[in-house]
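Colleague: Could you take a close look at one part of this model for me? I would like the aromatic side chains and their surroundings in a connected account.

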Amino acid sequence: MSSVYKKRKPNYLPDYVMKGHDLCFFIHDILCQLLVSGKEGNFFSTKIQLSSQKEKKSFEKSNNLFLWLEQEARYEDRVKILKATILPAVLSDMLHCIYEALETSRKAKLNLSYMLIRKPIQENLYLLESIILDELFFAETFSQNPLFFRPKNAGGIEGHTQRIQKVLSKLRQGCWLDASYIAKLRYDKSSEDSFDGVCNIAMHLFTEHKSIKTEPFNINFIFSRWDEKISQWNYFYSRLPYLLFYIYQVVEYIMESIVKTTSEYMDDMLRRISALIILWRREIDENYICDEIESFVLNVQHWLILHCRRRKNKLPSEKELIRMAKTGAYPRESACSVK
């Protein structure tokens, strides 16, 4: 993956954000492969079992599947169908935006990067969170009032924080992340440490919110000099991996409810991501480190240490972390074993 984009021209990315770019693209690629595998394995198709001849006849007479499901009180089937339909569609849309955000970043078109990343982290992710929170309520509400799933209906930053905390409590590595920080990054334009403010500035020539008000003699993002682009890159790559890891966890949780995933595969992917996270942390400008990022990385390191020790492996060196990120290899694992 990384060797491909590094050969593309132009590539204006500074060397010290390259690990962040690698990490973002790797998570993107895992999610993309999930879509491909799901379609190849026909995992996004749902079978409805008809228990009687009467039920079969009523099904054949119906012109509207979801109306029939409602009439027959087949609520669990409705959930299965909606999840298997919505997840690949919403995820595909997310990945298109994330891919183009990373590509425009490579080309130093950072106003586009921030514009493109806003929708997946605010709207698409919000919809997927709603599925996790309550499947039956989601399906019922989606069938009658889809506008309910606009992020503005969460109840402000506090409402978002509470929702995200409930989601984190269900995720495999949810305890590694901070709900209030995720909410702030996605929705708090009054905070300097938030995508929301920067994304709004990137989208609009002039902004009037007091925290992001356009200064006199200025037009948002239009007059960005190289030193400002450096700041934009630093923020983008010091924060986006944190949110993408959360997105990865959310998608895997929903996918697991559609089709079971082996623990070996999950550990393999998490091992690679963890190695990249540790390498990424070493490149972040210290001015962009915060307690939440530091805590996240420490949790990752702790998991990886225990994970390696269970295999009676030593702690990975820098060289072994790079190899682990590329192949999933344990420290000192033979090339034959990795293959």
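Modeller: What follows starts with one helix and moves on to rings, charges and the core. The model is predicted, and every value below is computed from it.

Helix α7 covers residues 135-144, and Thr-141 is placed in it. Thr-141 has a relative accessibility of 12%, under the 20% limit, and therefore counts as buried. Its side chain reaches back to the backbone oxygen of Phe-137, at 2.8 Å. Setting aside residues up to four places away in sequence, Thr-141 touches Pro-146, Phe-148 and Phe-149.

Helix α7 also holds a ring pair. A pair of aromatic rings is described by the distance of the centres and the angle of the planes. The whole structure has 18 aromatic pairs. For Phe-138 and Phe-142, the ring centres are 5.5 Å apart and the planes are at 20°, so this pair is stacked; the angle limit for stacking is under 30 degrees. The two residues are 4 apart in helix α7 and are therefore separated by about one helical turn. Their accessibility can be set side by side: Phe-138 is buried, with a relative accessible area of 3%, whereas Phe-142, at 31%, counts as partly exposed.

Elsewhere, ring pairs join Trp-176, Tyr-181, Tyr-242, Phe-245, Tyr-248, Phe-296 and Trp-303 into a cluster. Phe-296 also belongs to the largest nonpolar core, which has 92 residues; Phe-195, Tyr-246 and Phe-296 touch the most other members of that core. Helix α11 (residues 226-258) supplies the largest share of this core, 16 residues. Not counting residues up to four places away in sequence, Phe-296 touches Trp-176, Leu-177, Tyr-242, Phe-245, Ile-277 and Trp-280. Among these contacts, Trp-176, Tyr-242 and Phe-245 are also members of the ring cluster.

Some rings have a charged partner. Arg-163 lies over the face of Tyr-126, with 3.8 Å to the ring centre. Arg-311 has its charged end over the ring of Tyr-330, 4.0 Å from the centre.

A further arginine, Arg-281, is placed in helix α12, which spans residues 263-281. Its relative accessibility is 14%, so Arg-281 counts as buried. Apart from neighbours within four places in sequence, Arg-281 is in contact with Glu-286, Ile-289, Glu-294 and Val-297.

Key: Residues numbered from 1 in each chain as written. Predicted model: local features only at pLDDT ≥ 70, side-chain atom pairs only at ≥ 80, totals over all residues. Heavy atoms only, no water. Buried < 20%, exposed > 50% of the residue type's maximum accessible area, 1.4 Å probe, protein only. Polar contact = N/O pair within 3.5 Å; in protein donor to acceptor, adjacent residues only side chain to side chain. Contact = heavy atoms within 4.5 Å. Phe/Tyr/Trp six-rings, centres within 6.5 Å; stacked < 30°, edge-to-face > 60°. Lys NZ or Arg CZ within 6 Å of the ring centre and 35° of its normal. Core = buried A, V, L, I, M, F, W, Y, C linked by side-chain atoms within 4.5 Å.
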